[in-house]
Amino acid sequence: MNINSTHDGAAGGEADDTSPILIVPYMWIGDFVRGHTVVRLLKQRWPNRPVDILVNSQVASLVDYMPGVRAGVLWDLPRRRLALAKQWELAAKLRARHYRTVLVMPRTWKSALAPALAGIPERIGFVGEFRFGLLNRWRWGEKALPRMIDKKGALALPEGATPPAEWPVPQLQVPADEIARWRLANGLGNGPAVALGPGSVGPSKRWSWYAEAAKLLAERGLDVWVIGGPGEKALADEIVATGGPRVRDLTGTDLRNGVVAMAAAGVAATNDSGLMHIAAAAGTPTIGIFGPTSPHLWGPLNPLAATIQTKTVVPCQPCHRPVCTMNNHACMRDIPAIEVADITASVLAEATARLAH
């Protein structure tokens, strides 16, 4: 399929159109990164149309590393509330930017309200939550799309078009000089390191043995970084205490710290989390540790270096629940530290050898 088709589809008009496009994404970190697929399709199809994306304070810094995105438009609306006054404020902001097209990824009524109030002429999205009147260009058959595309890329295709055989993968581009400054600021050398991402949304997705794995990796002479936000500070303290002096707590309050850290690492081993998607999108060899969720459904759109799941039979896996209802967390507890350490060290050695040549 020719992505640069002038078919009157997702955004209409000719390939040299210069009118701006707005994307309303999912605001969870991993889904936000995966949504870069849409940006890349749009820029291939209309290279001269600026593409902006709504952001909240949590994901705003990611836009700086997303090629093809002109700007992020701050959208700090409260969760689970309509917040009509803030919707009007957002609508006024969108109206002033003169968007002609908006692609609404979430299937919620709330996500489509401000673009409708702003009077954006083309408002495109999948059918959901009785949004008739808020959207005026519909996409059907969402559930028939490949799940690894997370239903997003199709919004950027011409209406009725056949999806391409290979979808663009999301990517984050972190400048080398920013990585160098980050290493210097944190007192880190230039050698390869293992980045561990022990955090996740929901305790059931958290692997149980990061501290033990960090100790095993440090005993092999590897530097280990613990990456995450303030919610992972206690975990980082435990991992550092067990792992020893080669293990560093590099958690912070700014997501930008996590982006640069994952780009700087030689290999990343993480739960199914936003940091896993960030590491893969930054081009770092990434090992995803999966328990209650399916790597087929929720893995990065970028290639994973390895996927680790328990080898024991856990009948309830995958349950996709944020909390283990079986009270034994077997899908994560039965993955031994030595297995993760061995695979991580092997992937790092292979990646280092490739860079040397």
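Let's start at the largest pocket, which has a lining of 36 residues; W28, S200, V201, S273 and G274 lie nearest its centre. The space inside comes to about 960 Å³. If you want to find the pocket by way of secondary structure, look for α1 (29–34), α8 and α9 (274–281), the elements that each give two or more residues to its lining. Keep in mind that what you are looking at is a predicted model.

How confident is the predictor, on average, along the chain? The mean pLDDT is 88, and 92% of the residues score at least 70. The weak spot to know about is residues 1–13, where the pLDDT is below 50. That stretch still has 54 contacts in the model beyond its near neighbours in sequence, so to speak a busy piece of chain with low confidence attached.

From the pocket, move on to the nonpolar interior. In soluble globular proteins, nonpolar side chains tend to be buried together. Here the largest nonpolar core has 71 residues, and the members that touch the most others are L42, L54, L62, L94, W225 and I278. Helix α8 (residues 255–264) supplies the largest share of this core, with seven residues. You have met α8 already, as one of the elements lining the largest pocket.

I278 is a good residue to click on. Leaving aside anything up to four places away in sequence, I278 touches I29, V33, L62, L172, L255, G258, V259 and M262. Another core lies apart from the largest one; this other core has 32 residues, including Y210, I239, A269 and V314.

Next, take helix α4 (residues 109–117). Which of its residues are buried? They are S111, A112, L113, A114 and P115. The cover over these buried residues includes two helix-and-strand neighbours in sequence order, α3 (84–96) and β4 (101–104), along with β1 (21–24) and β5 (122–126). After α4 comes G119, which has a positive phi, near 75°.

G119 is a glycine, but positive phi values turn up at other residue types too. H98, in the loop between α3 and β4, has a phi near 60°. H329 has a positive phi as well, near 50°, and sits in the loop between β12 and α11. Are these two histidines buried or exposed? H98 is exposed, because its relative accessible area is 61%, while H329 is buried, because its relative accessible area is 15%.The loop between β12 (306–308) and α11 (330–333) deserves a longer stop. P318 lies in this loop, and the peptide bond leading into P318 from Q317 is cis, with omega near -5°. K311 belongs to the loop as well, and K311 counts as exposed because its relative accessibility is 70%. Between the C-alpha atoms of K311 and C331 there are 8.9 Å, although the two residues are 20 places apart along the chain.

That brings us to the cysteines. How many disulfides does the structure hold? The count is zero. C316 shows the reasoning: the closest cysteine sulfur, in C319, is 5.8 Å from the sulfur of C316, so the gap is too far for a bond. C331 is in no disulfide either, its nearest cysteine sulfur being that of C319, 6.3 Å away. As for accessibility, C316 is partly exposed, with a relative accessible area of 34%, whereas C331 counts as buried at 10%.

Two last distances help to place α5 and the stretch before α8. A180 is in helix α5 (residues 176–185) and is partly exposed, with a relative accessible area of 45%. The C-alpha atom of A180 is 9.6 Å from that of V260, a residue 80 places away along the chain. D254 sits in the loop between β9 (247–249) and α8, and counts as partly exposed at 41% relative accessibility. From D254 to H329 the chain runs 75 residues, and their C-alpha atoms are separated by 30 Å.

Technical notes
Residues are numbered from 1 along each chain as its sequence is written. Side-chain values use heavy atoms; hydrogens and water are left out. A disulfide is a pair of cysteine sulfur atoms within 2.5 Å. Buried means under 20% relative accessible area, exposed over 50%, partly exposed in between (1.4 Å probe, protein chains only). A nonpolar core is a set of buried Ala, Val, Leu, Ile, Met, Phe, Trp, Tyr and Cys residues joined through side-chain atoms within 4.5 Å. Helices (H or I, at least four residues) and strands (E, at least two) are DSSP runs, numbered from the N terminus. Contact means heavy atoms within 4.5 Å. pLDDT is the predictor's confidence in each residue, from 0 to 100. On a 1 Å grid over the protein atoms alone, a cavity is a set of points where a 1.4 Å probe fits but cannot get out, and a pocket is an open set with protein on both sides within 12 Å along at least five of seven lines; lining residues have an atom within 4 Å of a point. Grid points are joined across faces, edges and corners, and a volume is the space filled by probe spheres set on the points.
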